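Biologist: Please take a close look at one helix of this model, and describe its surroundings with care.

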Amino acid sequence: MSVIFLTALVVGVAYVIGLPHYWSKSPALTFLLVVLGNYLLLNIVFHYWRALWLGPGHPPERALVRQVVSVCKKCVAPRPPRAHHCSVCGRCVLKMDHHCPWINNCVGHLNHRHFFLYMVYMVLGCLFVMAFGFEIMWEELFAGPAGGEASRFDQTSDIFNCEAKSLYPTRQRLR
Ligand SMILES: [Zn+2]
Ligand SMILES: [Zn+2]
């Protein structure tokens, strides 16, 4: 759940802050970024889902295991080469890599490819957000668009000055 929440948060921020920022600059570039961003997002979701639902693969039960290196003491079953027992899943896993808490499953023989691609597209997605979010961060924190932030502040103070000026004669008149 935390993976879905964090990914949705980053995508949400990109749409709420990033999209209007780039749209005001260049709609063509924004279109390109939306297509690229959604391509990365689609791959992230697809490979995450496949790694999650495919599972790592387990040694066959009640079937002949042709190659056996040992017997798993916990499963009390023959263990093929490169299979390991996962204490979290409580089962033997084929070509076990590790138990991943993010997909709440083991990474092994069947889902290794999807897990790896999920990582690759996640890194690309993070780099994408960082690369195109950097400009927004820079403008907000340090540079300020030409007259953008400053003018907003000036407008507020102008309104305040106008009110002060309009109040001033009234007070004088009252005296
Ligand atoms: Zn086992
Ligand atoms: Zn596991």
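**Helix α2 and its surroundings**

Modeller: A convenient place to begin is Val 34, which sits in helix α2. In this predicted model, Val 34 has 16 C-beta neighbours inside 10 Å and therefore counts as partly exposed, since a buried residue would need 20 or more and an exposed one 12 or fewer. Its C-alpha atom is separated by 9.7 Å from that of Ala 14, although the two residues are 20 apart along the chain.

Ala 14 leads to the pairing of helices: the axes of α1 (residues 2–25) and α2 come within 9 Å and cross at roughly 170 degrees. Because angles over 145 degrees count as roughly antiparallel, α1 and α2 are assigned to that class. On the α1 side the contact is made by Val 3, Thr 7, Val 11, Ala 14, Leu 19, Tyr 22, Trp 23 and Lys 25, and on the α2 side by Pro 27, Leu 29, Thr 30, Leu 33, Gly 37, Leu 41, Ile 44 and Tyr 48. By class, this contact of α1 with α2 comprises 12 nonpolar, 3 polar and 1 charged residues.

Tyr 48 also belongs to the largest nonpolar core, which has 14 residues and in which Tyr 48, Ala 51, Ala 83, Val 93, Phe 115 and Tyr 118 have the most contacts. Two or more residues of this core come from each of α2 (27–54), β4 (91–93), β6 (105–107) and α3 (112–143). Since domain 1 (1–54 + 111–144) and domain 2 (56–102) both contribute residues, the core lies between them. Within this picture, Phe 115 is in contact with Ala 51, Ile 103 and Val 107, leaving aside its neighbours within four places in sequence.

Technical notes: Residues are numbered from 1 along each chain as its sequence is written. Chains are lettered from A and ligands numbered from 1 in the order in which they are written. This is a predicted model: local features need pLDDT of at least 70, side-chain atom pairs count only at pLDDT 80 or more; totals for chains, interfaces and linings use all residues. A nonpolar core is a set of buried Ala, Val, Leu, Ile, Met, Phe, Trp, Tyr and Cys residues joined through C-beta atoms within 7 Å. Helices (H or I, at least four residues) and strands (E, at least two) are DSSP runs, numbered from the N terminus. Domain bounds come from an automatic or database domain assignment. Two residues are in contact if their C-beta atoms, placed from the backbone, lie within 7 Å. Axes are lines fitted to C-alpha atoms, for helices over the stretch in contact, and angles run from 0 to 180 degrees between N-to-C directions. Angles under 35 degrees count as roughly parallel, over 145 as roughly antiparallel, 65 to 115 as roughly perpendicular and the rest as oblique. Ala, Val, Leu, Ile, Met, Phe, Trp, Tyr, Cys and Pro count as nonpolar, Asp, Glu, Lys and Arg as charged, and the others, Gly among them, as polar.
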